[in-house]
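Q: I'm new to reading protein models, and I'd like a close look at just one part of this one. Could you pick a region and walk me through it slowly?

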Amino acid sequence: ADYVLEYRGAEGVLRLRRDVETLPVHPEEAAEIRQRFEWMEEQPNYRPPDRPWVATTMPPYHEIRGGRDNRIWVRRNTTPIRLPVEPLPDGQPVPSWRQPHLYDLFEPDGAYLGEIRFPDGFDPFLFGDGYVWGVRRGDFDEPYVVRLRIEGEMER
């Protein structure tokens, strides 16, 4: 529930901590998740979870990545957006909610540099040295490998 990360290395413990707002899970997104679980329960070999299907709040962060420049990228959860989706032929509910890519960026020593939000439709894969490489989809869902330059006060 808290935004606290610790890295234990040879030089000691690096602690990253941020105060962030607790975000509730959107009721329509929760209903969609429940529908997917109900569909899965009808499938053979399905084992239900031993916890509630859907949490009432989102955890503060989603993922942690290291950049080639040793900076630390923490993907925060943020208010999701709903996208249009096509139904699947087998009736499986299709996820229509997506988290925008919002990252907190830290120096290797733990100094907070700021927040970076990537454009919708861009999925980052490699971080480092003022650039981020990822995939962006075109009008016909064709993938393009793109490089975005990070500019501003965060540059060394």
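A: Below is a short overview, followed by a closer look at the paired strands and the loops between them.

Keep in mind from the start that this is a predicted model. The protein has one helix and 11 strands. Along the sequence they follow the pattern β-β-α-β-β-β-β-β-β-β-β-β, so you meet two strands, then the helix, and then the remaining strands. The C-alpha trace spans about 50 × 40 × 30 Å along its principal axes. Of the 156 residues, 33% are buried. Among the contacts with a separation of 6 or more, 46% are made by residues 24 or more positions apart. We will meet one such long-range pair in a moment.

Let's begin with the sheet of three strands. This open sheet has the order β9-β10-β11, and its pairing is antiparallel. β9 (122–128) and β11 (143–149) stand at the edges with a single partner strand each, so one side of each has no neighbour in the sheet. Neighbouring strands here are turned by 25° against each other on average, with direction ignored. To see one pairing up close, find strand β10, which covers residues 131–137 and is joined to β11 by seven bridges. Across this antiparallel pair, Arg136 stands opposite Tyr144 in β11.

Now turn to Gly128, which lies in strand β9. Is Gly128 buried or exposed? Its relative accessibility is 2%; because the cut-off for buried is under 20%, Gly128 counts as buried. Which residues does Gly128 touch, if those up to four places away in sequence are not counted? They are Arg68, Asp69 and Trp133. Asp69 makes a nice example of how a fold brings together parts of a chain: Gly128 and Asp69 are 59 residues apart in sequence, yet their C-alpha atoms are 5.1 Å apart in space. Just after Gly128 you reach Asp129, in the loop between β9 and β10. The phi of Asp129 is near 50°, a positive value in a residue other than glycine.

Next comes the sheet of four strands. This open sheet has the order β3-β4-β7-β8, again with antiparallel pairing. Its edge strands are β3 (61–66) and β8 (112–117), and each pairs on one side only. From one strand to the next, the twist averages 20°.

Take β3 and β4 as a pair. Strand β4 covers residues 72–76, and five bridges hold the antiparallel pairing of β3 and β4. Within this pair, Ile64 stands opposite Val74 in β4. The loop between β3 and β4 contains Asn70, whose phi is near 70°. Like Asp129, Asn70 has a positive phi without being a glycine. Is Asn70 buried or exposed? Asn70 has a relative accessibility of 56%; because exposed means over 50%, Asn70 counts as exposed.

The other pair to look at in this sheet is β7 and β8. Strand β7 covers residues 102–106 and pairs with β8 in the antiparallel sense over five bridges. Phe106 stands opposite Tyr112 in β8. The two strands form a hairpin with five residues between them, and Gly110 in the turn has a positive phi of about 95°.

Follow the chain out of β8 and you come to Phe118, in the loop between β8 and β9. Although Phe118 sits in a loop, its relative accessibility is 5%, and it counts as buried. What is Phe118 in contact with, leaving aside its neighbours within four places in sequence? The list is Trp73, His101, Tyr103, Pro124, Phe127, Val132 and Leu148. Some of these belong to strands you have already visited: Trp73 falls within residues 72–76 of β4, Tyr103 within residues 102–106 of β7, and Val132 within residues 131–137 of β10. Pro124 and Phe127 lie within β9 (122–128), and Leu148 within β11 (143–149). In this way Phe118 has contacts in both sheets that we looked at. By contrast, Phe118 and Leu88 are 30 residues apart in sequence and 29 Å apart in space, C-alpha to C-alpha.

Definitions and conventions:
Residues numbered from 1 in each chain as written. Predicted model: local features only at pLDDT ≥ 70, side-chain atom pairs only at ≥ 80, totals over all residues. Heavy atoms only, no water. Buried < 20%, exposed > 50% of the residue type's maximum accessible area, 1.4 Å probe, protein only. Contact = heavy atoms within 4.5 Å. Pairing = 2+ DSSP bridges. Axes fitted to C-alpha atoms, helices over the stretch in contact; angles between N-to-C directions.
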